[in-house]
Amino acid sequence: MRVLLTGANGYLGRFVADRLLADPAVQLTALGRGDDADVRFDLATGSPGALTRFLDAVHPGVVINCAGATRGGARDLTRHNTVAVATVCEALRRSGCGARLVQIGCGAEYGPSQPGSSTAEDAVPRPGGPYGVSKLAATELVLGSGLDAVVLRVFSPAGPATPAGSPLGRLAEAMRRAMQAGDGELKLGGLGAQRDFIDVRDVARAVHAASLSAAQGVINIGSGRAVRLRDAAAVLARVAGFGGALHELDTPSVGLRQSVGHPRSESDHGMQGPPSAAYPYPDGCGSWQQADVRTARDRLGWRPRINLEESLADIWMEAACRI
């Protein structure tokens, strides 16, 4: 099976690539902006015609799109998350390869949900920030393209290679600094949000399964269990051997460096100030998010295998080795 993978150097893409390369039946071609890509092509600025010519030459059976941006202004997010997907869809429509498209969506497309509820694929999306809006627009383009396509809405990925700027990455870095300095307590804010964390290796398994299946539409990929960030912090402390006390600060009074739930943007520059009231958590999903993952089980034969403690142990191992 010939597979074209975009975004192979990204957080999710590298694990998807590893999973596919482990399958002897897969012939993988990576397309991206980096020098190490098999083919250099920028989906955000390249033309559908140029991509069509490449598709006709390679003739993949499956195209997996892991490319995109998680941070930046609305313009950049739209360009990398929406325009890029429009280019992929148009190129596939023009091409004679007839490839199946596996698009990586995200749980942020749903927006805030009722605490205690599980969000199923038929929920009405109401994204609470520009990132979710840009990804939802991409999903709508895929679903309306007429292609053989499936969108995997990945909730909160965790595990090895977790970006240092993500909530769990910042939590691990704050703990590393506290232990390095010999601090007996760690004061953090933004720990009240509850999210459905799913290990990135389980996500890769889901992508592999989707590429082999005939499933179409939207499929949630998550653990099916919401975890409060403060509980994740307690697990991380146990994994790291941090014997100090964890103190949660009220988010409105917490500086950017102390709030693990607030993403550092290019305009932060390490200055103190309250987190954005509009987007108290990076994904704009409010205080609660939990996936209903029955569709993934029924249509992909997929279930999560890696628990959060193992994911956090891998995050900590990388943070602890950071100088």
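Biologist: pLDDT is the predictor's confidence in each residue, from 0 to 100. What does the chain average?

Modeller: The average is 90, and 89% of the residues score at least 70. This is a predicted model, in which local features need pLDDT of at least 70 and side-chain atom pairs count only at pLDDT 80 or more, while totals for chains, interfaces and linings use all residues. Residues are numbered from 1 along each chain as its sequence is written, and side-chain values use heavy atoms, with hydrogens and water left out.

Biologist: Where is the pLDDT below 50?

Modeller: Residues 252-257 are one such stretch. The model gives that stretch 18 contacts (heavy atoms within 4.5 Å) beyond near neighbours in sequence. Residues 263-280 also stay under 50, with 29 contacts beyond four places in sequence. Where pLDDT is low, the predicted coordinates should not be read in detail.

Biologist: OK. How many helices and strands does the chain have?

Modeller: Nine helices and 12 strands. Both are DSSP runs numbered from the N terminus: helices are H or I with at least four residues, strands are E with at least two. Of the contacts with a separation of 6 or more, 80% join residues 24 or more positions apart.

Biologist: And how much of the chain is buried?

Modeller: Buried residues are 53% of the 323 in the chain. Buried means under 20% relative accessible area, exposed means over 50%, and partly exposed is in between (1.4 Å probe, protein chains only).

Biologist: Take α5. How many of its residues are buried?

Modeller: 11 of 15, which makes α5 mostly covered. Among them are Leu168, Leu171, Ala172, Met175 and Ala178, along with the charged-type names Arg170, Glu173 and Arg176.

Biologist: What covers them?

Modeller: The cover includes strands β7 (156-158), β8 (185-189), β9 (194-199) and β12 (245-249), plus helices α7 (229-240) and α9 (308-320).

Biologist: How far does α5 reach?

Modeller: α5 covers residues 167-181 and reaches 21 Å from its first C-alpha to its last, close to the 21 Å expected. The expected span is 1.5 Å times one less than the number of residues. Just after α5, glycine 182 takes a positive phi of about 75°.

Biologist: Now α2. Which residues are buried there?

Modeller: In α2 (residues 48-58), these are Gly49, Leu51, Thr52, Phe54, Leu55 and Val58. An α-helix has 3.6 residues a turn, so residues three or four places apart point the same way. The cover over the buried residues of α2 includes β1 (2-6), β2 (27-32), β3 (39-40), β4 (62-65) and α3 (74-94).

Biologist: What comes before α2, in the loop from β3?

Modeller: Glycine 46 is in that loop. Leaving aside neighbours within four places in sequence, glycine 46 contacts Phe41 and Thr87. Threonine 87 is 41 residues away from glycine 46 in sequence, yet their C-alphas are 7.8 Å apart.

Biologist: And what follows α2?

Modeller: Histidine 59, with a positive phi near 55°. Histidine 59 sits in the loop between α2 and β4 and is partly exposed at 41% relative accessibility. Most residues other than glycine have a negative phi. Alanine 161, in the loop between β7 and α5, also has a positive value, near 70°; alanine 161 is partly exposed at 22%.

Biologist: Switching topic: how many aromatic pairs are there?

Modeller: One. Tyrosine 110 and phenylalanine 155 form a tilted pair, 6.0 Å centre to centre with 35° between the planes. Rings of Phe, Tyr and Trp (its six-membered ring) pair if their centres lie within 6.5 Å; planes under 30 degrees apart are stacked, over 60 edge-to-face, and the rest tilted.

Biologist: Why does that pair tie together separate parts?

Modeller: Because tyrosine 110 lies in the loop between β5 (100-106) and α4 (130-143), and phenylalanine 155 in the loop between β6 (149-154) and β7, parts that are 45 residues apart in sequence. Tyrosine 110 is buried at 3% and phenylalanine 155 at 6%.

Biologist: What sits over the ring of tyrosine 110?

Modeller: The charged end of arginine 153, 4.6 Å from the ring centre. The cut-off is NZ of Lys or CZ of Arg within 6 Å of the ring centre and within 35 degrees of the ring normal.

Biologist: Last one. How many disulfides?

Modeller: Zero; a disulfide needs two cysteine sulfur atoms within 2.5 Å. The sulfur of cysteine 106 has its closest cysteine sulfur in cysteine 285, 7.6 Å away, so that is too far for a bond. Cysteine 106 is buried at 5%, and cysteine 97 is buried at 10%.
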